[in-house]
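Q: I would like a close look at a single part of this model. Pick one element, and show me what it pairs with, what packs on it and what sits around it.

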Amino acid sequence: MTCTDKRAGVKAAVTALLALLLLCMTGCAGRTKARTVVPGERGDALADVTETESGKPCRTESDGGGKSETLYGDWYGWWRMYDTSGDWAHMYGYWWDCCAEIGEDGTMLIWDEDMPKDYFLAEAELRINGRSLSCFGGTILDRELTSKSWDMTLTEDDCGTMLTISGRYKAVGSGGFSYEMYLRPWGSLWPDEEDRLPYYYEDWYLPLIESGEEMPDVLGPENADTGE
């Protein structure tokens with residue numbers, strides 16, 4: 001492939017991405033269902049989500065939950081916007097289910113309901129050392145990621161491993177938004193707290209993992225393979 005071909009491919013991908021962004025700004029699938037997490041300061045919101053309360057067992061019949069022995073592989077969860085402003089002010093509280101893939105080379109790809117794997121939400125370059133990880137580059141939407149862009153936190157609870165990513169998107173135009181992503185390894189079960197579950201957890205995710213299916217590239221029951 002020549003440099004010209006590569007530039008043409010990148011230009012086409014950016015054009016498609018901007019089209020998806022425009023669609024999202026005017027009315028996408030993101031939902032404003034009330035959650036127990038109240039948008040506010042990043043630390044307060046993070047603590048509220050990752051803290052497992054007593055009496056809220058993991059949705060599993062076995063002990064140990066989904067503790068991940070490796071950080072590489074597939075992840076599933078949800079992400080949300082808060083502290084929105086400017087052109088993004090009307091999307092306060094919007095949230096989406098999302099999938100992620102961490103490759104052996106340390107590249108992390110994240111996509112959601114509106115931005116499928118081919119037109120991903122984010123692509124990050126990670127440094128992984130045992131059970132710690134950090135981002136040192138990449139993109140989210142149309143903005144570059146740096147070593148200071150993401151706070152990445154791993155926590156363990158009765159259900160296993162949760163990865164939380166938080167950051168701030170500053171738009172090219174007016175305003176921006178803060179965001180948080182909550183991910184567990186594909187195949188993990190989640191705490192029995194409805195307001196903290198991904199939207200498609202019951203109707204799409206559980207049937208897939210119970211049948212031993214791998215994580216698909218397109219998210220949501222409307223995109224499930226019917227076998228026809």
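A: What follows is a walk along one strand and its surroundings.

The model is predicted, so a few rules come first: local features need pLDDT of at least 70, side-chain atom pairs count only at pLDDT 80 or more, and totals for chains, interfaces and linings use all residues. Residues are numbered from 1 along each chain as its sequence is written, and side-chain values use heavy atoms, with hydrogens and water left out.

The strand is β1, residues 73-86. Strands here are DSSP runs of E with at least two residues, helices are runs of H or I with at least four, and both are numbered from the N terminus.

Start with the sheet. It is open and has 9 strands, in the order β6-β5-β4-β3-β2-β1-β9-β8-β7, with antiparallel pairing. Two strands count as paired if DSSP finds at least two bridges between them. The edges belong to β6 (143-145) and β7, each with a single partner strand, so one side of each has no neighbour in the sheet. From one strand to the next, the twist averages 25 degrees. Strands of a sheet pair through backbone hydrogen bonds, either parallel or antiparallel.

In that order, β1 sits between β2 and β9. Its pairing with β9 (residues 175-185) is antiparallel and spans 10 bridges. Tryptophan 78 has tyrosine 182 of β9 as its bridge partner. Further out on that side, β7 (residues 151-157) pairs with β8 (residues 160-170) over 7 bridges, again antiparallel. One of the matched positions there is threonine 153, which bridges to threonine 164 in β8. A hairpin of 2 residues joins β7 to β8.

In a regular strand the side chains alternate between the two faces of the sheet.

Next, the helix that packs here. Helix α3 (residues 201-210) lies across β1, β2 (95-102) and β9, and runs at about 155 degrees to β1. Axes are lines fitted to C-alpha atoms, for helices over the stretch in contact; angles run from 0 to 180 degrees between N-to-C directions. Contact means heavy atoms within 4.5 Å.

The buried residues of α3 are Tyr201, Trp204, Tyr205, Leu206, Leu208 and Ile209. Buried means under 20% relative accessible area, exposed means over 50%, and partly exposed lies in between (1.4 Å probe, protein chains only). The cover over these helix residues includes β1, β2 and β9. Just after α3, glycine 212 takes a positive phi of about 75 degrees.

Now the rings. The structure holds 17 aromatic pairs. Rings of Phe, Tyr and Trp (its six-membered ring) pair if their centres lie within 6.5 Å; planes under 30 degrees apart are stacked, over 60 edge-to-face, and the rest tilted. Tyrosine 76 and tyrosine 205 have ring centres 4.4 Å apart and planes at 20 degrees, so this pair is stacked. The link spans 129 residues, with tyrosine 76 in β1 and tyrosine 205 in α3. Both tyrosine 76 and tyrosine 205 are buried.

A second pair involves tryptophan 79 and phenylalanine 177: it is tilted, with 6.3 Å between centres and 40 degrees between planes. Tryptophan 79 is in β1 and phenylalanine 177 in β9, so the pair ties together parts 98 residues apart in sequence. Tryptophan 79 is buried at 3% relative accessibility, and phenylalanine 177 is buried at 1%. Both belong to a cluster linked by ring pairs: Trp79, Trp88, Tyr94, Trp96, Tyr169, Phe177 and Tyr179.

Phenylalanine 177 turns up again around threonine 84. This threonine lies in β1. Threonine 84 is buried, with a relative accessible area of 15%. Leaving out residues up to four places away in sequence, threonine 84 touches Ala89, Met91, Tyr92, Gly176 and Phe177. Its side chain also reaches the backbone oxygen of alanine 89 at 3.1 Å. That is a polar contact: a pair of N or O atoms within 3.5 Å, where within protein one must be able to donate a hydrogen and the other to accept it, and residues adjacent in sequence count only if both atoms are side-chain atoms.

Last, the cysteines. A disulfide is a pair of cysteine sulfur atoms within 2.5 Å. By this rule the structure has 0 disulfides. For cysteine 98, the nearest cysteine sulfur is that of cysteine 99, 7.0 Å away. Cysteine 98 is buried, at 0% relative accessibility.
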